[in-house]
Amino acid sequence: MPGGCGVRALWILNSFDAVVFSRKFPVVERRWKAACKAEGDNTAGDGTDTVKCASAPFLPNDSELAAAFAERKRREGSPRGFGIRLAQSTQGSDSWVDDPITRHVISLQIGGEEGGENKLLLWPLILHLKGTYSILILPLVEPKHLKAYAKLCSKPGCGATVGEEPSLSSLLLDLPSITGAFMVAHAIGDIITGDVVEPEVVVSASPSVGGLLDSLTGSIGITGIAARAKPVAAPVAAATPSGTAAAGSIASDAPKAGSKPLDKDVLRYFINSAMPFGTPLDLNYLNIFAIKANGFSSSDLPPADVKQPAWKPYLYKGKQKILFTVHETINAAMYDRDDISDTISVAGQINCRAELDGLPDVSLPLTGLNKSNVEVLSFHPCAQVPEHGMDKQSVMFSPPMGNFVLVRYQASCRRDPPVKGFYQLSMVSEDEGAFLFKLHLMEGYKSPLAMEFCTVTMPFPRRRVVSIDGTPSIGVVSNTEHSVEWKIIVSGRSLSGRSVEATFPGTVKFAPWQIQRLPSSKLGSRNIADEDSDVEADNTNNMVNVDEFLMEKMNKDLPPVDLEEPFCWQAYNYAKVSFKVTGASLSGISIDPKSLSIYPSVKAPVEFSTQVTCGDYILWNTLGKCPAAP
């Protein structure tokens with residue numbers, strides 16, 4: 001069977017586990033049937049004969065698939081499932097395989113009873129949760145891979161041992177169609193929830209407006225307005241002091257209320273254009289709908305001696321330049337405890353916008369890879385990457401139009417965290433707590449690194465804040481009904497070339513609390529009571545610690561937050577920090593604009609910028625309980 005990615009079918013289910021959209025690709029399905037026939041029309045020998053090859057007409061209809069998905073969710077406890085083998089796991093199920101990847105690459109058993117002879121096994125199904133929808137993509141694999149998975153589902157032992165057949169994760173590494181199916185699932189998820197945005201490319205303020213006007217006119221100035229009318233990209237973000245675009249949060253797959261209705265016509269057009277006959281070509285939503293809106297003219301023809309890639313349907317004409325932005329998101333858990341180490345990680349991407357005439361090739365070196373301990377490194381399909389050296393990685397690419405992500409990576413933080421210190425909160429009565437912050441900002445950071453804003457938030461999702469009393473050493477304080485916000489550095493007053501120590505002692509008063517037992521939260525309340533049972537036993541012997549007694553009493557009677565605040569698994573446990581740092585990356589990964597080369601040679605200015613924003617940057621209450629990996 002030839003390599004590459006092919007999609008046999010896809011389904012979109014709503015929150016009621018009903019199929020609201022589906023598409024099957026007969027061309028790819030014929031390839032699957034031919035492979036099954038060559039395999040003997042049975043992909044699961046060696047004791048797994050009950051698993052049958054999904055040859056015609058055995059791709060399930062929508063109702064059969066919906067029923068199988070609902071049954072799996074019931075059996076596995078959630079749409080994603082357990083991911084590991086538990087006492088309630090049954091042989092043949094995903095959790096029986098005992099591999100966390102089964103939370104994302106799942107199987108469905110169509111028809112028949114569990115372990116029955118008429119069962120049809122659909123695998124691998126890529127599961128992507130976006131908004132209120134569950135997206136399932138069935139990529140094309142070889143029958144031997146389905147056979148290998150069926151054997152993993154029936155093996156008696158957990159995990160993998162030396163000498164055994166490879167694990168599921170190692171099996172998936174040999175299947176490029178899995179990666180392609182994930183890309184299809186994420187692209188469809190962004191479309192149905194309206195989350196299609198271009199990556200941000202920051203440029204310094206200049207007379208050029210850039211972005212949409214450049215795309216519409218083909219140049220930066222009035223003289224070229226009639227030269228071109230192709231809206232090929234969204235505007236480039238200008239560098240401003242505003243922090244509105246700098247709230248660096250990580251996208252969540254948790255279901256969201258209020259998702260917009262599914263636009264099936266838009267989805268059909270995208271699928272027909274992006275993956276004709278089931279083969280993904282260009283999954284860039286903006287490219288596809290720019291073509292739909294504008295079509296092509298005789299002036300859009302590429303040079304006769306150059307093959308135009310799918311990711312660049314239009315050629316740029318105008319003033320030439322290249323823009324790069326390294327955008328990193330830092331996640332941290334700060335404990336300020338001797339027995340628990342702080343954890344810090346950096347996820348980054350290099351965004352690019354290449355406004356170059358024709359179809360040039362751009363090459364550049366990435367530096368700082370060795371010192372930053374890069375754990376994951378991936379590239380845009382337009383890039384060609386040879387073997388890299390100890391601390392450099394050469395990249396050559398033919399840039400697409402508009403803004404795009406050239407590189408994604410995960411790395412360690414080479415510097416001290418931009419914000420470090422501690423947060424303490426102690427309940428002095430049932431309705432009043434005393435807290436203390438002592439933070440160091442930008443310690444050891446020198447110019448040109450600058451912190452544009454910094455805000456600390458104390459969430460209280462289960463108590464209503466009545467008043468806040470205290471004066472910070474720097475910044476301003478405000479509160480909402482369920483939180484206290486401390487703006488240490490406000491937008492427009494950046495901190496550069498020096499460090500700051502910020503302290504904030506104070507008290508917070510809450511509305512009187514009441515014992516509440518919500519029917520929908522019985523399980524959570526019971527778990528909280530169980531957690532505190534040991535503390536209660538200790539307090540019967542030693543009632544000196546009033547703070548522990550109050551916390552134990554309130555945590556037992558407060559209603560749980562039902563995962564609205566996933567970190568707030570007790571009443572008052574953490575503060576969350578948000579900030580933005582510009583001037584350099586925290587991982588050390590960078591680009592040297594002077595080493596960039598373009599072929600055919602052309603003079604084009606190169607602009608390079610960096611920005612670091614927060615993901616989950618948590619200060620755990622040093623006087624309370626906190627989760628930590630052993």
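**Exercise 1. Describe the overall build of the protein chain.**

*Solution.* Residues 24 or more positions apart supply 72% of the contacts in the protein chain that have a separation of 6 or more, where a contact means heavy atoms within 4.5 Å. The model is a predicted one, in which local features need pLDDT of at least 70, side-chain atom pairs count only at pLDDT 80 or more, and totals for chains, interfaces and linings use all residues. Residues are numbered from 1 along each chain as its sequence is written, and side-chain values use heavy atoms, with hydrogens and water left out.

Next, consider the secondary structure: the protein chain has 10 helices and 26 strands. These elements are DSSP runs numbered from the N terminus, helices being H or I with at least four residues and strands E with at least two.

Finally, turn to burial. Of the 630 residues, 47% count as buried. Buried stands for under 20% relative accessible area, exposed for over 50%, and partly exposed for values in between (1.4 Å probe, protein chains only).

**Exercise 2. Determine the strand order of the open sheet that contains β1, and place helix α5 against this sheet.**

*Solution.* Begin with the hairpin. Strand β1 (residues 7–13) and strand β2 (residues 19–24) run antiparallel and are joined by 5 bridges; two strands pair if DSSP finds at least two bridges between them. Ile 12 has Phe 21 in β2 as its bridge partner. Between the two strands of this hairpin stand 5 residues, and Asp 17 in the turn has a positive phi of about 60°.

Then examine β4 (residues 120–130) and β5 (residues 133–139), an antiparallel pair joined by 5 bridges. Here Leu 127 stands opposite Leu 136 in β5.

The full order of the 5 strands is β2-β1-β5-β4-β3, with antiparallel pairing. The edge strands, β2 and β3 (105–110), each pair on one side only. On average, neighbouring strands of this sheet are turned by 25° against each other, direction ignored.

The last step concerns the helix: α5 lies across β1, β3, β4 and β5 and runs at about 150° to β5. Such angles run from 0 to 180 degrees between N-to-C directions, the axes being lines fitted to C-alpha atoms, for helices over the stretch in contact.

**Exercise 3. Identify the residues that touch the most other members of the largest nonpolar core.**

*Solution.* A nonpolar core is a set of buried Ala, Val, Leu, Ile, Met, Phe, Trp, Tyr and Cys residues joined through side-chain atoms within 4.5 Å. The largest one has 45 residues, of which Trp 123, Ile 137, Ile 188, Leu 267 and Phe 270 touch the most other members. Helix α5 (residues 176–193) contributes the largest share, 8 residues. A second, separate core has 42 residues, including Val 484 and Leu 586.

**Exercise 4. Explain what the salt bridge between Glu 443 and Lys 420 ties together.**

*Solution.* A salt bridge places a side-chain nitrogen of Lys or Arg within 4 Å of a carboxyl oxygen of Asp or Glu. The structure holds 13 of them. Between Glu 443 and Lys 420, the distance from N to O is 3.1 Å. Because Glu 443 lies in the loop between β16 (432–441) and β17 (450–459) and Lys 420 in strand β15 (residues 419–429), the pair ties together parts that are 23 residues apart in sequence. Glu 443 is partly exposed, at 32% relative accessible area, and Lys 420 is partly exposed at 22%.

Lys 420 also forms a salt bridge with Asp 416, the closest N and O atoms being 3.6 Å apart. For comparison, consider Arg 353 and Glu 355: their closest N and O atoms are 2.6 Å apart, and both residues are buried.
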